[in-house]
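Student: I have a chain open here and want to go through it with you. Can we start with how you sort residues by accessibility?

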Amino acid sequence: MAVVAFDLKDVTKIGLSKENLLKALPEMGVEVEEVTAQELKINVTPNRPDLLDFVGLKRAIENFGGISKPKDSFYKIDGKAALTINVKNEVKKARPYIAGMVVKNVNLSGNMLKYLINFTEKFADTYGRKRKKLAIGIHNLNAIEGDLVYTAVKEGEIVPLNSQKSTSFSKIMKAHDKGVTYQDTVPNYGSGSVLYPCLSDSKKVIALIPITNCDQTKVISLTKNLFVDITGTSLVAVKSAAALIACSFLYAGADVYPVTVSKPGEKFETPALGYKEMKVSMRKAERTLGVETGRHNVISFANKMGYTAAKYGDSVLFYIPPYRVDIFNDQDIIEDIAIAYGYDKIMPLAISGIVSGLENSDVEYENKIARLMVGLGYTEAINSMLTSEKVNFDNLLHKYTNDDHVSIADSKTSMISMLRTSLLPGLLQNLGISGMATMPQRLFEIGRCFSLKGDTPKEDKRASFVSVHAKANFAEAKSAVSAMLSSMGMEYTISQHKDPSFIEGRCAKAVSKGKEVCVFGEIHPNVLKNFGIEEPVVAAEMIVKEEVQY
């Protein structure tokens, strides 16, 4: 989640009293983080990036509160392209995708400029995965001279934002606060083959992407005309972001004009503001929710959530506005129907029928391991199966490719981008968070892990444990592993092993019937540093049940 702050006076001017506003926000699915006399802080979930923006929040409140209704085909762009962005081949390996727009007659008075800047930062950090997947630049259009060129170069110069001195790209990456923070967004940074993506007009570099804009195109509260660039490594993300941003400016009353993107062999205009149509079966919706809503009521519910809709036989046809980049199928629509209907009005039903059952043999086996670990002084942890490449691989010093793990398509946050391949990173995260607690700390987990072999996803059940304290050593890990494997009825041999997550010479593996079933030892100091752990740690991970292939 992302926490966004707005001036309480600005929010209450939308049309709801403070009391009704604080009641409506949770009903909309927006968690109120904090309310003071001056400020409102809300938690915005990754699936609704449009609510990071004040204009987007205003639109949602007005629709949900019945202050205004969405209009058919409101979001559209007329007029000729106001600028051309000429894209060079050099950006293909650096940051290949770009979109843009020209915005005129924009109102940035009061807090609106602050809200706009905060939105671009929050959006790039969450939806854009800390600018690695996507970033946004906002410029004073009147300071741009001629058409633009988007390319990638080995070196260049720019006058960074809030500076008067021209500085080389390489120096900005080493000394500028944004350069240091976002070094990992520039592919091959630190090597001789690094190329810096940049955007230039006819006389100057206006952006070192995605690090900083130039000071000459700085936007202030009196600025009326803007150029907005959206760059990234995902074409879908760049197009979706451009549509979302354009819709916000249009709803705020500004005039939005397209920009021509000219690539070798291809030319198109951005942003593209097409409405999607989605037919939702009322029978399916009512069966999913467990309530009878009626088609007529569903159309009013659609209006509350920002859609226009019409009856279509036994279904309802929803027209999805371009800013709703989170809608992928009818289940997303049904969720919005539930929000508009009110979760508090959906009554629970008793489960009918009486059945008897037995404990699953796999569960009984896992419980046996759990009882053993509790007897050895370990506490059970239950972590999410969703994680990120940084936590799962980078922090453990493991190399990876996109073909060896299950990635999450169109992930809305960099913190959740894949299914875990190991239990160990989650347990080390637990230790990092609880570093101030009394030592020793001993945790274990039994759970599913996932992998890819070719195009085939596979799943196995694993058990892992960690122990942190000043005297943690290899002998402690070996003793616990021997107890676990013996309790599982395994015959095994132990031999030396190499794994970058463990200290060399203090890592071993257990082999049973010719298969590696467990790796254990003392965790490498660099791994401890990555997880924020200050004491020595021993750990182990073993396979409890063989792979299941789907």
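Tutor: A residue counts as buried under 20% relative accessible area, as exposed over 50%, and as partly exposed in between. Keep in mind that this is a predicted model.

Student: Where does Ser 73 fall, buried, exposed or partly exposed?

Tutor: Its relative accessible area is 45%, and this lies between the two cut-offs, so Ser 73 is partly exposed.

Student: And what is its phi?

Tutor: Ser 73 has a positive phi of about 55 degrees, although it is not a glycine. The residue sits in the loop between H3 and strand S4 (83-87).

Student: What about Asn 188, what is the phi there?

Tutor: For Asn 188 phi is positive, about 65 degrees, and again the residue is not a glycine. Asn 188 belongs to the loop between helix H6 (177-181) and strand S10 (196-200). Its relative accessibility is 47%, so Asn 188 also counts as partly exposed.

Student: Stepping back, how many helices and strands does the chain have?

Tutor: The secondary structure comes to 15 helices and 27 strands. Of the 550 residues, 49% count as buried. The C-alpha trace spans about 75 × 65 × 50 Å along its principal axes.

Student: Which domains are assigned?

Tutor: The domain assignment gives domain 1 (2-64), domain 2 (83-270), domain 3 (276-345) and domain 4 (361-545). Between the centres of domain 3 and domain 4, taken over C-alpha atoms, there are 43 Å.

Student: Back to the N-terminal end. In what order do the three strands of the open sheet run?

Tutor: The order is S1-S3-S2, with antiparallel pairing. Strand S1 (2-7) and strand S2 (31-35) are at the edges with a single partner strand each, so one side of each has no neighbour in the sheet. On average, neighbouring strands of this sheet are turned by 25 degrees against each other, direction ignored.

Student: How many bridges hold S2 and S3 in register?

Tutor: S2 pairs with strand S3 (residues 39-44) over four bridges, in the antiparallel sense. The two strands form a hairpin, with three residues between them.

Student: Which residue in S3 is the bridge partner of Val 32?

Tutor: That is Ile 42. Glu 34 stands opposite Lys 41 in S3.

Student: Changing topic: how many cavities of 30 Å³ or more are there?

Tutor: The count is two. The largest has a volume of about 80 Å³, and the second largest holds about 30 Å³ of space.

Student: Which residues lie nearest the centre of the largest one?

Tutor: Met 28, Arg 48, Ala 60, Lys 304 and Met 305, out of 13 lining residues. By class, the lining has six nonpolar, three polar and four charged residues.

Student: Which helix gives the most to that lining?

Tutor: Helix H3 (residues 54-64) does, with five residues. As for domains, the lining draws at least three residues from each of domain 1 (2-64) and domain 3 (276-345).

Student: And which residues line the second largest cavity?

Tutor: Tyr 127, Lys 133, Ser 234, Val 236, Ala 237, Asp 410, Ser 411 and Lys 412 line that cavity. Three of these are nonpolar, two polar and three charged. Here domain 2 (83-270) and domain 4 (361-545) each supply at least three lining residues.

Student: Now helix H13. How many of its residues are buried?

Tutor: Seven of its 10 residues are buried, and H13 (residues 424-433) is mostly covered.

Student: Which ones?

Tutor: The buried residues of H13 are Leu 424, Pro 425, Gly 426, Leu 427, Leu 428, Asn 430 and Leu 431.

Student: Last topic, the cis peptide bonds. Which residue is joined to Pro 210 by one?

Tutor: Ile 209 is, with omega at about 0 degrees. Pro 210 lies in the loop between strand S11 (205-208) and strand S12 (212-213).

Student: And Pro 271, which residue is on the other side of its cis bond?

Tutor: Thr 270, and omega is about -5 degrees. Pro 271 has its place in the loop between strand S15 (266-270) and strand S16 (276-281).

Notes. Residues numbered from 1 in each chain as written. Predicted model: local features only at pLDDT ≥ 70, side-chain atom pairs only at ≥ 80, totals over all residues. Heavy atoms only, no water. Pairing = 2+ DSSP bridges. Axes fitted to C-alpha atoms, helices over the stretch in contact; angles between N-to-C directions. Domains from an automatic or database assignment. 1 Å grid on protein atoms, 1.4 Å probe; cavity = no way out; pocket = protein on both sides within 12 Å on 5 of 7 lines; lining within 4 Å. Points joined across faces, edges and corners; volume = space filled by probe spheres on them. Nonpolar A, V, L, I, M, F, W, Y, C, P; charged D, E, K, R; others polar. Buried < 20%, exposed > 50% of the residue type's maximum accessible area, 1.4 Å probe, protein only.
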